Structure formats: C-alpha cells, structure tokens
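Dear colleague,

I am handing over the structure below, together with some notes on the pockets found in it. Please look through the sequence and the model before reading on.

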Amino acid sequence: MTWSLSGKGLEICSCKTFCPCWLTADVEPDEGWCSAILAFDGVDGQSGGVDLSGARVAMLADWPGNFHKGGGTARLYFDNATSAGQQAEIQAIFKGEKDGPVPALWNAVIDEWLPPITTSIDIDWSERKVSIPNVGAATMVHFTDETGSPAHIYNSVSQTAIGVDRMDLMAVDGSQWHAQDLRSWKTADAVNYDFAWAG
C-alpha cells in the first residue's frame, strides 16, 4: 500500500555553522563525527490505512563520520499524542520497511535502531524552539542578509535525496543534547524546511 507524509521539518547537528554532510560525502564533519536531531511536525498523510495527521516525531542519531558513509545509530522519539498505530507506520517508513527514496536513505545510513521512546516533544515554530524532556532543547534564529531576509540553501545533495526544495539556514543557542545510549553533544547550527514524502 502506498504512503504519504508531509509537514515541517528541522535538523540540528553538531557542526558549527552548517552541516557539510548536506553538501557532499567528501568532507569531514567539524568534530570528525556527526550527531543530529531531526524533528517532524504538522504532519499530514497516511500509511497502511492509518491516518498520520497530527503525528510528531523526532530522530536522534550519531554517525562515526560523514552521514553519507553510514554506520549510524538512531532512536525515534514520539510525542505522547502520537497513537500506537501512527508510531508503527512511521517506524516502518524510517526503518526502510516501506518503498520510496526516504526509507531507502535511512536504511542505507542507519545500522542500528535503538528502541523508540514515547515522551513529550514540544515544537514552537513561531518562537523557533524545540525541546524533549531529559534529552535537550534549542532555540533557533534565522541567518539573514543585510536587509533582514532569511538565508536559504537550495539544491544540496542531501536535499535532493529527501526531496526538499529549500532549507532556511539557522543559528542555534549552543544547547546540550544527551540522549540515552547516544553521544552527548552541543549544537550551533540548524535548518528548517517543508517536506512532502511518498512511496
């Protein structure tokens, strides 16, 4: 059965200004390794006959080097309001159990999935804040030009892989992330984007 998933996404990583893994596999992340949180909100869509509307999910992951080279360890976090049926279908998408380019991408770069956790995920797009209790929190601020217009990223390699046309380039307050069984790290950069995936 086909599936679709759309909404708003963000990625915050351990690099200082902009995650180079979005651009190419031929560069080393700032720390030599990569850690990131990706969160998805305002979700619409369906999978396996399950309505995915209103689901909110975050993925925290570590890689030993550039994201493209794989070897990642990841865990999904689901907001308390996300139903068991929604969680099962979203896990199947992220773990590469469904057809489509996005499941194929995660299947290629994540070697180990830790057990998912259901908790509170707070995302405030107007204040540009995201937080997960006992895991981390961040406040994002747009990079802008001299007129105050936000800076955008277009046509990077990883954008193409996940079908994202434009990303807003953000700075972050340097907060700490310390997810269970994953690396602790500080963050300084982020991107926000709209996504529409299907398979």
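By class, how many nonpolar, polar and charged residues does the lining of the largest pocket have? In this model, which is a predicted one, that lining has five nonpolar, four polar and six charged residues. The pocket itself, the largest in the structure, has a volume of about 250 Å³, and of the 15 residues that line this pocket, those closest to the centre are Lys-8, Asp-168, Asn-192, Tyr-193 and Asp-194. Three strands give two or more residues each to the lining of the largest pocket, namely E1 (3-13), E12 (166-172) and E15 (189-198), and of the elements it is E15 that gives the most, with five residues.

The second largest pocket holds about 200 Å³ of space, and its lining is made up of 17 residues, with Glu-11, Trp-22, Phe-67, Trp-106 and Ser-158 lying nearest the centre. Sorted by class, the lining of the second largest pocket has 14 nonpolar residues, along with two polar and one charged.

Which elements supply at least two residues each to the lining of this second largest pocket? They are strand E2 (34-47), helix H2 (101-109) and helix H3 (157-162), and the largest share, four residues, comes from H3.

With kind regards

Methods. Residues are numbered from 1 along each chain as its sequence is written. This is a predicted model: local features need pLDDT of at least 70, side-chain atom pairs count only at pLDDT 80 or more; totals for chains, interfaces and linings use all residues. Side-chain values use heavy atoms; hydrogens and water are left out. On a 1 Å grid over the protein atoms alone, a cavity is a set of points where a 1.4 Å probe fits but cannot get out, and a pocket is an open set with protein on both sides within 12 Å along at least five of seven lines; lining residues have an atom within 4 Å of a point. Grid points are joined across faces, edges and corners, and a volume is the space filled by probe spheres set on the points. Ala, Val, Leu, Ile, Met, Phe, Trp, Tyr, Cys and Pro count as nonpolar, Asp, Glu, Lys and Arg as charged, and the others, Gly among them, as polar.
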